[in-house]
Amino acid sequence: MKSTSALAGREQPVPLPPSLAVAAAQGPASQAPAAPTLASSSLLRGGKSVQIEHNGSLYQLRATKLGKLILTK
């Protein structure tokens, strides 16, 4: 006699191995630790711009009149 269950003919989900189940419960792997937060005032030190050296290149971080920040090389 054939089964009349609503689940008949459907594949049952395969349980995740314990190591993957823990990773799935923790969220996406792309979540890195939070980056440190710095106030722009601590970088600009009361001025409107600051020079930043990065990998041998010099950049300028500038605050606009509207309070936006612009980083240029």
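## Asn55 and the first hairpin

Asn55 is exposed, with a relative accessible area of 71%. That value is over the 50% cut-off, so the residue falls in the exposed class. In this predicted model, Asn55 sits in the loop that links strand E1 to strand E2. Its phi is positive, about 50°, although Asn55 is not a glycine.

The loop belongs to a hairpin made by E1 and E2, with two residues between the strands. The two strands of this hairpin run antiparallel and are joined by six bridges. Two of the facing pairs can be named. Glu53 stands opposite Leu58 of E2, and Ile52 stands opposite Tyr59 of E2.

## Overall layout

The protein contains two helices and three strands. Read from the N terminus, the order of elements is α-α-β-β-β, with both helices ahead of the strands.

Of the 73 residues of the protein, 7% count as buried. The exposed surface of the protein comes to about 6,900 Å², and carbon and sulfur atoms supply 59% of that area. Among contacts between residues at least 6 apart in sequence, 5% join residues at least 24 apart.

## The three-stranded sheet

The three strands form an open sheet in the order E1-E2-E3, and the pairing is antiparallel. Which strands stand at the edges? They are E1, residues 49-54, and E3, residues 69-72. Each of these has a single partner strand, so one side of each is left without a neighbour in the sheet. On average, neighbouring strands of the sheet are turned by 20° against each other, direction ignored.

In a regular strand the side chains alternate between the two faces of the sheet.

## The second hairpin

Strand E2, residues 57-63, is joined to E3 by four bridges, and the two strands run antiparallel. Among the bridge partners, Ala63 pairs with Leu69 of E3. Arg62 has Ile70 of E3 as its partner, and Leu61 has Leu71 of E3.

E2 and E3 also make a hairpin, here with five residues between the strands. Gly67 lies in this turn and has a positive phi of about 85°. In the E1 and E2 hairpin, by comparison, two residues separate the strands, and the positive phi there, near 50°, belongs to Asn55.

## Tyr59 in strand E2

Tyr59 is found in strand E2. Which residues does Tyr59 touch, not counting those up to four places away in sequence? They are Val50, Gln51, Ile52, His54, Leu71, Thr72 and Lys73. One of these, Ile52, is also the residue that stands opposite Tyr59.

Another of the touching residues, Lys73, is 14 residues from Tyr59 in sequence. In space, the C-alpha atoms of Tyr59 and Lys73 are 4.4 Å apart.

## The loop between H2 and E1

Helix H2 covers residues 40-44, and a loop lies between this helix and E1. Arg45 has its place in that loop. Phi of Arg45 is positive, near 50°, in a residue other than glycine. Is Arg45 buried or exposed? Arg45 is exposed, with a relative accessible area of 75%.

Gly47 lies in the loop between H2 and E1 as well. At 34% relative accessibility, Gly47 counts as partly exposed, because this class holds values between the 20% limit for buried and the 50% limit for exposed. Gly47 and Ala63 are 16 residues apart in sequence, with a C-alpha to C-alpha distance of 8.6 Å. Ala63 is the residue whose bridge partner in E3 is Leu69.

How values were computed:
Residues are numbered from 1 along each chain as its sequence is written. This is a predicted model: local features need pLDDT of at least 70, side-chain atom pairs count only at pLDDT 80 or more; totals for chains, interfaces and linings use all residues. Side-chain values use heavy atoms; hydrogens and water are left out. Two strands pair if DSSP finds at least two bridges between them. Axes are lines fitted to C-alpha atoms, for helices over the stretch in contact, and angles run from 0 to 180 degrees between N-to-C directions. Buried means under 20% relative accessible area, exposed over 50%, partly exposed in between (1.4 Å probe, protein chains only). Contact means heavy atoms within 4.5 Å. Accessible areas come from the Shrake-Rupley method with a 1.4 Å probe; for residues, only the protein chains shown count as cover.
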